[in-house]
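Colleague: I am new to this structure and should be grateful for a close look at a single part of it. Could you begin with the term that is needed to follow the strands, and then take me through the surroundings step by step?

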Amino acid sequence: MTTVSNDPAVSVAALANGVPSDNRGSWIPNGAMIRTRIMELRKRRGLMAALIVVNIGIPTIFLTVRLIAHAVAPKSYGPAGGYDIFTTLVVGIMFVFGFIVAATLGCTAGSVDLTDGMFRHMVITGRSRLALYFARIPAGLAIIIPLVAVGFTIVCAVCVFAAPTKLDYQGVSVPPGLSASGFNNWAESHPKVAICGLPFKGPNGVPCYVNGRGQARPYPGTPGLSKLSPAKLKADALLVAKENYSAYERTFLYPSNALMIKTGLWIELEAIIGFIVGLGLASLMGQRTVPVVLMIVLEVILTPLFSHAAIPHLINAQRGLVGLAMAHLEPGGLPRGFGGGGGGGGVSQLVPESATVGVCVIIAWLVGWTALGAWRMVKRDA
Amino acid sequence: MSALTIDEMSRSDSVKGSWAVETHGLTKRFGDNVAVNDVELLVPRGCAFGYLGPNGAGKTTLIRVLLGLTHADAGTMSLLGVPVPRHRDRALARVGAIVDEPRFHGHLSGRQNLEILAAAREREARGRIASSLERVGMTQRADDRVSKYSMGMRQRLGVAACLLGDPQLLILDEPMNGLDPAGMHEMRDMILSLVAEGRTVMLSSHLLDEVERTCDAVAIVDNGKVIRQGPIAELLAGAAMEVHVDCSSPERARTILAATTLGEKIDVETTGLSIHLPSGAGRDAIAEINRLLVEDGISVYRLEELQVSLESWFLQVTSRLGDSE
């Protein structure tokens, strides 16, 4: 055992009440508290590994495999990037799992002082309990926001720079970015491909298809298009083009800059919500495991369920679901994460809610859970 | 050890009339259980003060109330003359404390844990980390993870955490727990050196021998109430005295003394008598015993006034309270 030094290395303060003027009673945390809180979270290796794997690792590995597969066998494997891959990764993985890992980080930040026995030491410093709570918010966000941003940037970069060079619309190779008249002109100049390849609900449906080489072919035993005059072909192709243009104009080689920015902000907001709610819930309950489970249940089970199945007597309660509010704020141009959303094609099946109400719901969740967590922090016996 | 009264001890401090810890009517209930019962406690400044009591007496609860870890149901209190909880930020700025077993973030090093705590204190606290670690002998292990620390090392780290605020008052709850004899010795030396610097150390413990060696004054708590408090020397002076009489005929001597009020309890031993004098009996009682025995023809070879230890006094006081209830 080492020897205790008797040297008064720590000088005694003046015995008069020399109280430091550091605004210790203020609810605003200082920079050092935030920095050390970041350090405390960052040193949790398991948690950080999970955050990095989900936000950066999974998209990176998925895109890397696709890049390699496309480079080795381009005819069997399509390009690694592009609009479809972007939407699949963002809505399928980053949105849902980003929420869950952010919630896990929040639950950790909200409970570890208690479970590790540090809360008592912190309270004894005389620092405002509110400041102790609020220091966790910027600290956690300083970790989760950059992680989400890095993962999302990788996805965007690959999806833009490794995007397909030809637009594959409904299995038909179409030049990208055409205007309505341009699309009509293309259809008139490729009438057989347009008629046989694009979906059409009108009366002029012809039993034919487009093969893998982009050639129009009749189904076996049918006359196909051979008996139609060139004028009739052009007229039918024009009809087909007009019916398909609205869907075509939402199909891109790669996501636009505006879509990427909006989507990035959207998934960052989702991660922020996950963190703040997790923080408040864990602070309220004083533990980590149960709040994490509850957050997963909220995101994976309750939100999809109550976002779609409208129950007339509970419709306003359903509108209070933060996941539904986020689905309604989904950027136009993305497919619907939970079967609905802002800009995807088709009829939205979400429980209806205005964007204003959605924003209010999100603010209420952020403020409400922060208030609950802070209240418990102040009232809790240490 | 000084034999000053509590008033004299307080007057020796630069802040006249102001106590390090002062409570009046302090009460804390948990349902029907009164853990802290109308406690009147005065801890003088600049001394080591022992807060003693049997297990479950309410020692830790009182400390938790003082530090704002839990709220009081009634009463008033102040730390270093600053009323709490109204001004707890000001009061605790110059207080360091260990309550129960000191626990820290196990995945961080001792130094990193202190950095977290220093960040919640004033700006200068960060500069005290190295000296605090050195003072508790933890410099060599400061960068190891706390999960690898022994109980004794965590106790030391707890004391280092207390020193970050350059405290005028340290409240240590069972600081000897988990320490080996050498560690207890070092801890005792450190407490004494802290007191020598002018700090006040309030020490809760059930190790009465350690308290007697370390503290100037004590308070005894039982069933949530402070039943005695004051300088140790003063308290023991008023304790029941025990006298050993080495004489020629112990049985006859016992019969003679039993007819008087000089002995509360008289035991015959192989070498004589052991007599417990009534509380408050002075040295004249010993002379009277000698006179009675000699006048009755009993040869008295030796009279020995036995020193009352804090432990035996503590047991007398607490068991007396138990008997009365």
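Modeller: Two strands are said to pair if DSSP finds at least two bridges between them. The model before us is a predicted one, and the part I have chosen is strand β8 of chain B, which covers residues 200-205.

Two partners of this strand can be described. Strand β3 of chain B, residues 48-52, pairs with β8(B) in the parallel sense, and five bridges link them. Within that pairing, F49(B) faces M202(B) of β8(B). The other partner is β7(B), which also runs parallel to β8(B) and is joined to it by five bridges. Here D173(B) is the residue opposite S204(B) in β8(B). In general, strands of a sheet pair through backbone hydrogen bonds, in either the parallel or the antiparallel sense.

The next point is how far the strand is covered. A residue counts as buried if 20 or more other C-beta atoms lie within 10 Å of its own. Six of the six residues of β8(B) are buried, so the strand is largely enclosed by the rest of the structure. T200(B), M202(B) and S204(B) point to one side of the strand, while V201(B), L203(B) and S205(B) point to the other, and all are buried. The residues named above as facing F49(B) and D173(B) thus both belong to the group T200(B), M202(B) and S204(B).

From β8(B) one may move outward by way of β7(B), which spans residues 169-173 and is followed by a loop leading to α7 of chain B. E174(B) lies in this loop, and its phi is positive, at about 50°, although the residue is not a glycine. With 18 C-beta neighbours inside 10 Å, E174(B) counts as partly exposed. Most residues other than glycine have a negative phi, and most peptide bonds are trans.

Two further places in chain B may be set beside this loop. L80(B), in the loop between β4 (74-79) and β5 of chain B, has a positive phi of about 55° and is likewise not a glycine. L80(B) counts as buried, because it has 25 C-beta neighbours inside 10 Å. A cis peptide bond, with omega at about 5°, connects V84(B) to P85(B). P85(B) is placed in the loop that runs from β5 (82-84) to α3 of chain B.

β7(B) also helps to cover a helix. The buried residues of α6(B) are covered by elements that include β6 (95-98), α4, α5, β7 and α7 of chain B, together with α4 (118-124) of chain A. Of the 13 residues of α6(B), 11 are buried, so this helix is largely enclosed by the rest of the structure. Among the buried residues are M153(B), R156(B), G158(B) and L163(B). From its first C-alpha to its last, α6(B) reaches 19 Å, close to the 18 Å expected at 1.5 Å a residue.

Since chain A takes part in covering that helix, the contact between the chains deserves a word. Chain B contributes 55 residues to the contact and chain A contributes 40. On the side of chain B that touches chain A, at least two residues are supplied by each of α3 (88-92), α4 (110-119), α5 (129-135), α6 (151-163) and α7 (181-196) of chain B. The largest share of that side, six residues, comes from α7(B). Sorted by class, the side of chain B that touches chain A has 21 nonpolar, 16 polar and 18 charged residues.

A word on confidence in chain A is also in order. The mean pLDDT of chain A is 84, and 85% of its residues reach 70 or more. Over residues 1-17 of chain A, however, pLDDT stays under 50, and the model has 45 contacts for them beyond four places in sequence. Residues 338-347 of chain A likewise have a pLDDT below 50, with 29 contacts in the model beyond near neighbours in sequence. Where pLDDT is low, the predicted coordinates should not be read in detail.

To return to the starting point, β8(B) has parallel pairings with β3 of chain B and with β7(B), and its six residues are buried.

Notes: Residues are numbered from 1 along each chain as its sequence is written. Chains are lettered from A and ligands numbered from 1 in the order in which they are written. This is a predicted model: local features need pLDDT of at least 70, side-chain atom pairs count only at pLDDT 80 or more; totals for chains, interfaces and linings use all residues. pLDDT is the predictor's confidence in each residue, from 0 to 100. Two residues are in contact if their C-beta atoms, placed from the backbone, lie within 7 Å. Helices (H or I, at least four residues) and strands (E, at least two) are DSSP runs, numbered from the N terminus. Ala, Val, Leu, Ile, Met, Phe, Trp, Tyr, Cys and Pro count as nonpolar, Asp, Glu, Lys and Arg as charged, and the others, Gly among them, as polar. A residue is buried if 20 or more other C-beta atoms lie within 10 Å of its own, exposed if 12 or fewer, and partly exposed in between; C-beta atoms are placed from the backbone. The expected span of a helix is 1.5 Å times one less than its number of residues.
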